[in-house]
Amino acid sequence: MEAVNTLVSHGYAPLASMVLAARGMSDGRQAKAYLDCNAPLHDPFLMTDMGLAVGRVAHALEKGEKIAVFGDYDVDGITATCLLTEYLRSLGADCVPYIPGRLEEGYGLNPIAIEQLQKEGVSLIVTVDCGITAVEEAEYCKKLGIDLVITDHHECKDELPQAVAVVDPHRLDGGYPHKNLSGVGVAFKLAAALAGDQQTVLDAYADLVCLGTVADVMLLQGENRVFVDRGLKALRHTTRPGLAALMRESGCDPVNLSAATVGYVLSPRINAAGRMGRIELAEDLFLTRDLQRAAEVAHSLCELNRQRQAVESDIYRQAMEMLPEGELPEAVVLADETWHQGVVGIVASRIAEEFCCPAFLICLDGEHGKASSRSYGGFNLFGALTTLSDLLESYGGHELAAGFTISRSRIPEFRKAICALAAEYYRGEISGSVLDADCQVPPELLTLPNVESLQTLEPCGNGCPKPVLVMEKLRVERLGQVGGGRHMRLRLRSGQYGFNAIYFSTNAENASIMQGDLVDVAFTPQVNDYRGERSVQMNIMDIRPSCNAPCSAKMEDYRALCADTLNPQIAGRLLPDRSQLGMVWRYLAANARPQLREVPACLCRKLVRWSGQGMDLGMLMTCLDIFEDVQLVQTKRTPKYITVTLLPRQDKADLMASATMQRLQAAKESEV
């Protein structure tokens with residue numbers, strides 16, 4: 001509370017202060033640094049090889065060489081390609097953009113492209129948002145007499161390509177302070193280094209840097225925060241005909257444009273060009289100055305996005321049918337000959353989020369397959385693929401998203417190995433909550449001025465998410481379905497305070513609530529402007545029945561048990577007594593015949609509501625371990641769920657014979 005009061009004294013509104021304090025800010029200085037959108041930009045020449053890159057490009061400009069900017073087919077790669085192409089042309093360069101076809105060429109520098117560019121007279125290739133793993137391709141460039149400058153932001157392998165320059169903030173021998181630049185961020189740095197004036201270049205290209213940074217879900221801190229803030233202001237008054245047309249076509253209001261609008265409205269439409277094999281549309285979107293062409297491109301991109309959505313739904317349906325019955329493995333690995341390479345990454349992301357595990361979707365073509373993968377819960381995809389590189393033909397990407405090629409015959413072996421890595425990573429990790437909330441708030445704080453004050457936190461995104469608040473013990477006054485039954489609208493009350501709420505993509509049955517229930521809600525507050533009347537509305541992220549006894553998701557003590565780092569104090573808190581063991585067993589006996597499958601935190605809350613007695617999640621997991629030790633139950637744990645199966649037993653179990661019980665007893669009685 002002291003931190004909240006301090007922040008209020010520094011001019012932050014009470015609700016914003018609570019959120020900032022929950023995120024670790026204890027004074028105005030820390031809050032300003034966290035939210036600062038005017039931080040100074042780092043010197044581009046702090047990046048290893050930037051001087052070499054600038055020197056080679058400057059030489060090409062002086063000699064009139066033909067330069068190719070080689071990019072990637074996602075928003076980050078497209079904006080990086082267009083930014084550097086447009087900037088080099090402004091300096092008089094003979095410069096051509098080249099973005100490979102996702103379906104024909106795949107990701108990154110490739111022999112087909114290199115040969116084509118050589119035939120066109122290109123003597124210098126500058127990569128953007130790709131190239132850091134192009135060891136063989138760099139050798140091929142050298143063989144054909146083409147110089148190569150690499151700019152990228154993906155993770156580096158042990159061996160770097162032999163190029164004139166390799167510019168990547170992730171280089172182990174680099175000293176650049178900000179590692180989380182996007183591909184377009186690195187391309188901007190090269191342009192700024194050539195210009196010798198970052199602010200002038202940012203004035204011209206902030207919109208493109210913003211689009212790529214948000215679309216690639218970069219951490220919105222430091223330089224990225226500056227890029228996105230400046231870019232959003234530029235986008236609201238864009239002079240690019242293509243972007244203005246796309247905003248009109250997609251129904252974006254430039255005045256209320258936010259990072260969320262960029263991420264969820266503009267980015268999917270730009271990405272559709274690469275996903276659906278029409279990458280030239282994305283290039284024209286940014287480079288054309290013709291108003292009619294801009295309108296045509298914007299319309300085509302929106303139509304392509306609708307087609308992409310239909311293909312995505314079809315692949316998702318097929319993938320769901322392919323999942324094994326019963327318990328899911330620790331990682332999902334699926335393959336099919338008919339899947340669209342440009343869309344499987346989106347489906348992999350949906351599956352990873354839905355089933356809380358890494359997902360790998362492989363598009364088969366003959367004896368080989370190209371995969372897109374998405375992470376869950378911090379599982380490092382790039383590290384895992386590096387570990388399993390002997391099973392792969394090639395791979396690349398970063399922690400959260402990666403791609404690889406693999407022989408069809410190696411897929412079963414890969415599936416087994418990646419599941420083992422995931423199982424090891426998630427061992428002992430129990431999902432106490434699938435949603436991170438900032439803080440609990442009383443109803444009197446949810447006023448229009450307080451909610452409006454949360455604009456202080458913008459731009460919101462990775463590293464500075466939209467606030468998620470919790471309010472407990474609200475009565476459901478009314479509920480109903482809207483949007484053709486797809487969404488739920490509620491009226492919630494706490495004493496004299498009433499709130500309208502919307503819960504997307506669910507209904508009362510799925511949420512397990514009904515009118516009159518007492519509930520806890522996690523929500524993002526927003527201002528609803530309806531016919532000129534502004535009011536506070538809850539955008540509900542999760543809802544649960546309120547508990548009438550303490551129910552904590554506390555897991556620190558249980559993690560100490562799993563890691564074998566017990567001390568007498570932890571063991572004393574974690575050692576269950578007879579009544580706690582009895583309560584858990586009676587609940588299982590009543591509800592787990594023959595088994596139950598739950599999110600652990602939900603299981604704990606159901607037990608507490610059923611019994612009327614308090615219990616924390618760590619104690620529940622300890623009790624289950626004790627029962628499993630003596631073969632009363634069998635458990636299976638995945639990143640999201642725990643499955644408990646009661647085992648048949650004729651004789652009475654001796655709980656004191658449990659290895660877990662004995663470890664706790666011994667640790668409790670040991671000397672400090």
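Helices (H or I, at least four residues) and strands (E, at least two) are DSSP runs, numbered from the N terminus. This is a predicted model: local features need pLDDT of at least 70, side-chain atom pairs count only at pLDDT 80 or more, and totals for chains, interfaces and linings use all residues. Residue numbers start from 1 along each chain as its sequence is written, and side-chain values use heavy atoms, with hydrogens and water left out.

**View 1. Here is the protein as a whole, with its 25 helices and 19 strands.** The radius of gyration (taken over C-alpha atoms) is 28 Å, close to the 26 Å that the globule rule gives for 672 residues, so the protein is as compact as a globular protein of that length. That rule is 2.2 Å times the number of residues to the power 0.38. Along its principal axes, the C-alpha trace spans about 85 × 60 × 55 Å. Buried residues (under 20% relative accessible area; exposed means over 50%, and partly exposed is in between, with a 1.4 Å probe and protein chains only) make up 54% of the 672 residues. Now for contacts, which means heavy atoms within 4.5 Å. Take those between residues at least 6 apart in sequence: 66% of them join residues at least 24 apart.

**View 2. Now we zoom in on Phe-286 in the largest nonpolar core.** A nonpolar core is a set of buried Ala, Val, Leu, Ile, Met, Phe, Trp, Tyr and Cys residues joined through side-chain atoms within 4.5 Å. This one has 95 residues, and Phe-286 is among those with the most contacts inside it, along with Leu-88, Phe-188, Leu-211, Ile-270 and Ile-351. Skip the residues up to four places away in sequence, and Phe-286 touches Ile-78, Thr-79, Cys-82, Glu-86, Leu-208, Leu-211, Arg-240, Leu-243 and Ile-270.

**View 3. Two helix residues, Ala-53 in α4 (residues 50–63) and Leu-194 in α8 (residues 183–195), get a view together.** Ala-53 is buried, with a relative accessible area of 0%. Beyond its neighbours within four places in sequence, Ala-53 is in contact with Val-149, Ala-165, Val-167 and Leu-190. Ala-522 is 469 residues from Ala-53 along the chain, and their C-alpha atoms are separated by 49 Å. As for Leu-194, its contacts, again leaving aside neighbours within four places in sequence, are Val-54, Val-57, Ala-58, Tyr-87 and Leu-88. From Leu-194 to Gly-175 you go 19 residues in sequence and 20 Å in space, C-alpha to C-alpha.

**View 4. This close-up shows Ala-402, a residue of strand β10 (residues 401–407).** Ala-402 counts as buried, at 7% relative accessibility. Not counting residues up to four places away in sequence, Ala-402 touches Ala-371, Ser-372, Ser-373, Arg-374, Leu-381, Leu-385, Gly-396 and Gly-397. Asn-380 is 22 residues from Ala-402 in sequence, yet the two are 9.6 Å apart in space, C-alpha to C-alpha.

**View 5. Look for the cis peptide bond from Glu-458 to Pro-459.** Its omega is near 0°. Most peptide bonds are trans. You'll find Pro-459 in the loop between α18 (448–453) and β12 (469–482).

**View 6. Two loop residues, Ser-505 and Gln-631, have a positive phi.** Most residues other than glycine have a negative phi. Ser-505 is not a glycine, but its phi is about 60°. Ser-505 sits in the loop between β14 (497–503) and α19 (508–511), and counts as exposed at 63% relative accessibility. Gln-631 isn't a glycine either, and its phi is near 65°. The loop that holds Gln-631 runs between α24 (617–629) and β18 (633–637). Gln-631 counts as exposed too, at 54% relative accessibility.
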